[in-house]
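Student: Please take a close look at one part of this structure, with attention to charged side chains and their partners. I should like one connected account, with each criterion stated where it is used.

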Amino acid sequence: MTETDPLALHIRDGLPDELLALSKRHPREGWARSAGMSGSAGVWLERHGFFRALSDHIAAGLTGFGGGKEDVRAYLGRFQREMGALLSQLDGHHRVEDGHYFPMFSQAAPEMTRGFEILDADHHAIHGGLHDLAEQSRSLLGAAQAGKTDRDIRDLGARLGETLTGFRPLLVRHLDDEEDIVIPLIIERGRTDPRFA
Ligand SMILES: [Fe+2]
Ligand SMILES: [Fe+2]
């Protein structure tokens, strides 16, 4: 997918109609009551909820830290754990989707292949963002280890907060669109095909 493709992650504001037929039959409002929620669909939504909440929590923490709200050492210990969890768990989540679920779903529901190609391209775009976040996180933690002033460290934290705040809408767009493809597919096919259970 090219940078200017209308379905590129940073351009689109939702999926095209031809990929939303199943989600119209199984709209989001009914997902919680669906039988599929006790299996992989429920786990999928739980993971996505975790990524939305943790990325929001870290962005808010960095903004407050940059503004001088919390002790530098105390904050950085917490930041390292939280950012480490976000980066590594998102990476692991995408690996499982790219390596296992997307190929399997694509094979079982070829009419949705275009959707999985879009989601796969999203993962590449998101990984560029994760790379930037990892670099800036290393700089922030490295500045503290090198004995930089609290003001310098807080400035780096504030800048990283801006990067994360800019990245987050792309992540949320991807999570929302992926759910609109995957969850209705699991609900629809899970009744008859054990691969979707
Ligand atoms: Fe994904
Ligand atoms: Fe996902």
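Tutor: Arginine 28 is partly exposed, because its relative accessible area is 35% (buried means under 20%, exposed over 50%, and partly exposed in between, with a 1.4 Å probe and protein chains only). The model is predicted, so local features need pLDDT of at least 70 and side-chain atom pairs pLDDT 80 or more, whereas totals for chains, interfaces and linings use all residues. Residues are numbered from 1 along each chain as written, chains are lettered from A and ligands numbered from 1 in the order written, and side-chain values use heavy atoms, without hydrogens or water.

The partner of arginine 28 is glutamate 179: their side chains meet in a salt bridge of 2.9 Å, N to O (a side-chain nitrogen of Lys or Arg within 4 Å of a carboxyl oxygen of Asp or Glu). Arginine 28 belongs to the loop between α1 and α2 and glutamate 179 to helix α5, so this pair ties together parts 151 residues apart in sequence (helices are DSSP runs of H or I of at least four residues, strands runs of E of at least two, numbered from the N terminus). Unlike its partly exposed partner, glutamate 179 counts as buried, at 1% relative accessibility.

A second pair also reaches helix α5. Aspartate 177 and arginine 12 form a salt bridge through their side chains at 2.7 Å, N to O. Since aspartate 177 lies in helix α5 and arginine 12 in the segment before α1 (21–25), the pair ties together parts that are 165 residues apart in sequence. Both aspartate 177 and arginine 12 are buried.

Another salt bridge joins arginine 78 and glutamate 70, whose closest N and O atoms are 2.5 Å apart. Here both residues are partly exposed: arginine 78 has a relative accessible area of 24%, and glutamate 70 one of 29%. Through shared partners, salt bridges also join Arg28, Arg52, Asp176, Glu179 and Asp180 into one network. The structure holds 18 salt bridges.

Arginine 168, placed in helix α5 (residues 150–189), is buried yet has no salt bridge. The nearest side chain of opposite charge is that of aspartate 56, 4.3 Å away (Lys and Arg count as positive, Asp and Glu as negative; His and the chain ends are not counted). Leaving aside residues up to four places away in sequence, arginine 168 touches Arg52, Ser55 and Asp56 (contact means heavy atoms within 4.5 Å). Arg52, one of these neighbours, is also a member of the salt-bridge network.

Charged residues also serve at the metal site. His48 (NE2), His93 (NE2), Glu97 (OE) and Glu178 (OE) are the protein donors of the iron ion (ligand 2), at 2.0 to 2.2 Å (donors are N, O and S atoms within 2.8 Å of the metal, or 3.2 Å for Na, K and Ca; water is not among the atoms, so sites may look incomplete). Along the chain these donors follow the spacing H-x44-H-x3-E-x80-E. The iron ion (ligand 2) lies 3.3 Å from the iron ion (ligand 1), and glutamate 97 coordinates both. Histidine 48 is in helix α2 (residues 40–66) and glutamate 97 in helix α3 (residues 72–108), so the pair ties together parts 49 residues apart in sequence. Histidine 48 is buried at 0% relative accessibility, and glutamate 97 is buried at 1%.

The setting for these sites is a protein chain with five helices and zero strands. Of its 197 residues, 46% count as buried.
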